[in-house]
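Me: I'd like to learn how to read a model like this one, feature by feature. Can you walk me through it?

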Amino acid sequence: PYPNRVRLIDVAPRDGLQNEKQPVAAAVKIELVHRLQAAGLREIEVTSYVSPKWVPQMADNHEVMTGITRQPGVRYAVLTPNMKGLEAALADRPDEIVVFGAASETFSQKNINCSIAESIERFAPVVAAALQAGVAVRGAISCALGCPYEGDIAPERVGELARLMKDIGVQRVDIADTIGVGTPLKVQRAFEAALAHYDLDHVSGHFHDTYGQALANTLAALQMGVWNFQSSVAGLGGCPYARGATGNVATEDVVYLLHGLGIDTGIDLDALVDAGAWISAQLGRPTGSRVGRALLAK
Ligand code: HMG
Ligand code: MG
């Protein structure tokens with residue numbers, strides 16, 4: 001019932017570090033990208049072209065994007081909320097841009113300062129210009145399984161945003177559990193709603209692990225044939241506009257699960273664990289990856 005291979009997008013340099021209170025040097029972010037690609041990651045979310053007043057940690061986007069040594073076959077993605085962000089991003093040649101909307105009205109307001117309908121109007125020219133420039137476009141559907149302000153989110157609202165994104169040309173969508181409240185059946189209902197508009201190759205799971213459900217949720221999505229997932233080395237992460245949200249599911253933990261199921265990822269788990277240990281040491285804290293801790297203790 002499981003896919004033979006899974007593609008992981010490591011979002012640590014972006015989602016993982018965007019909420020970090022201490023300044024993290026661009027050189028550290030660049031080395032993190034290098035370590036991830038050396039471990040076999042083929043998609044990396046590098047940074048965001050957002051307002052530095054809103055998210056100061058991503059203010060070094062240009063320095064980071066132009067500082068990385070690109071490896072052939074690796075796709076480098078960046079977040080762009082509006083035309084200003086897109087224009088700055090395009091100059092730095094990403095392979096993919098990400099527009100990020102929410103299935104919750106309140107979260108949309110808090111995160112990008114506009115309603116869902118306004119966000120789609122704002123994204124439409126961003127998507128068109130990116131595609132015109134030959135850059136791929138992904139859409140994140142935040143709060144797909146619950147909202148810090150509105151609580152439960154019905155699957156229909158996920159389906160509705162997926163439809164709106166499809167209509168403006170977004171090529172694939174992430175079902176994002178921003179605050180990690182989802183459980184497996186809820187995950188499957190949300191994917192079913194998105195799959196009315198996108199096929200299995202064009203949906204992915206983005207699970208934060210706040211409630212410890214992310215691996216179970218990953219398995220539930222795998223059982224439906226979903227084979228694209230976002231995760232963050234060392235379990236880094238959290239959204240500044242979702243209080244209490246902890247990190248994304250740790251890439252090490254997802255890789256261990258997948259390899260245990262006999263699913264190919266192309267990732268060298270030992271090198272990945274080393275990358276997780278390295279960035280955790282840079283941040284002065286223990287790794288958030290259970291697998292990382294277990295393997296490092298051996
Ligand atoms: P706004 O204040 O409504 O924007 O913010 P504005 O157009 O009125 O502009 C206000 C100021 O920001 C102006 O500067 C603009 O130039 C500047 P001022 O004249 O005051 O000096 N500005 C920009 N600067 C740099 N880059 C830009 C940009 N745009 C405007 N792109 C805006 C609207 C969307 C900009 C703001 O709300 C914002 O930046 N939000 C980003 C929030 C964010 O990054 N959140 C975290 C990422 S989403 C996430 O983590 C969830 C995800 O992981 C999935 C999941 O887990 O759910 C993806
Ligand atoms: Mg996230």
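Reply: Sure. First a bit of vocabulary: helices here are DSSP runs of H or I with at least four residues, numbered from the N terminus. With that in hand, look just after helix 10, where Gly262 takes a positive phi of about 80 degrees. Keep in mind that this is a predicted model.

Me: How confident is the predictor, then? What are the average pLDDT of the protein and the ipTM of the complex?

Reply: The protein averages a pLDDT of 97, and 100% of the residues score at least 70. For the complex, the predictor gives an ipTM of 0.98 and a pTM of 0.97.

Me: Back to phi. Which residues other than glycine have a positive value?

Reply: The general idea is that most residues other than glycine have a negative phi. Two cases to look at here are Cys143, with phi near 55 degrees, and Ala234, with phi near 65 degrees. Cys143 sits in the loop between strand 5 and helix 7, while Ala234 is in the loop between strand 8 and helix 10.

Me: Is Cys143 buried or exposed, and what about Ala234?

Reply: The cut-off for buried is 20 or more other C-beta atoms within 10 Å. Cys143 has 30 C-beta neighbours inside 10 Å, so it counts as buried. Ala234 also has 30 inside that distance, and therefore counts as buried.

Me: Now helix 10 itself. Why is it described as largely enclosed?

Reply: Because seven of its 10 residues, in the run 251–260, are buried. Those are Thr251, Glu252, Asp253, Val254, Val255, Tyr256 and Leu258. They pack against strand 1 (7–10) and strand 8 (228–231), as well as helix 9 (214–223), helix 11 (269–283) and helix 12 (290–297).

Me: How do I read the nonpolar core, and how many residues does the largest one have?

Reply: In soluble globular proteins, nonpolar side chains tend to be buried together. The largest nonpolar core in this model has 93 residues, and Ile141, Ala144, Val158 and Ala194 have the most contacts inside it. Take Ala144: leaving aside neighbours within four places in sequence, its contacts include Ala103, Val158, Ala176 and Ala190.

Me: Where is Pro155, and which residues does it touch beyond its sequence neighbours?

Reply: Pro155 is in helix 7 (residues 155–167). With 21 other C-beta atoms within 10 Å, Pro155 is buried. Not counting neighbours within four places in sequence, Pro155 is in contact with Arg189, Ala190, Glu192 and Ala193. Its C-alpha atom is 9.0 Å from that of Ala103, 52 residues apart along the chain.

Me: Can a lysine be read the same way? Is Lys29 buried or exposed?

Reply: Lys29 counts as buried, with 28 C-beta neighbours inside 10 Å. You'll find Lys29 in helix 2 (residues 26–38), touching Pro13, Leu17, Val24 and Val64 once residues up to four places away are set aside.

Me: Last one: which residues are closest to ligand 1?

Reply: Val50, Gly85, Ser142, Ala176 and Thr178 are the closest of the 25 residues that surround ligand 1. Helix 1 (12–18), helix 4 (83–91), helix 5 (105–112) and strand 5 (136–142) each give two or more residues to that shell. By class, the shell has 12 nonpolar, 11 polar and two charged residues.

How values were computed. Residues numbered from 1 in each chain as written. Chains lettered and ligands numbered in written order. pLDDT = per-residue confidence, 0-100. Near = placed C-beta within 6 Å. Nonpolar A, V, L, I, M, F, W, Y, C, P; charged D, E, K, R; others polar. Core = buried A, V, L, I, M, F, W, Y, C linked by C-beta atoms within 7 Å. Buried ≥ 20, exposed ≤ 12 C-beta atoms within 10 Å, placed from the backbone. Contact = placed C-beta atoms within 7 Å.
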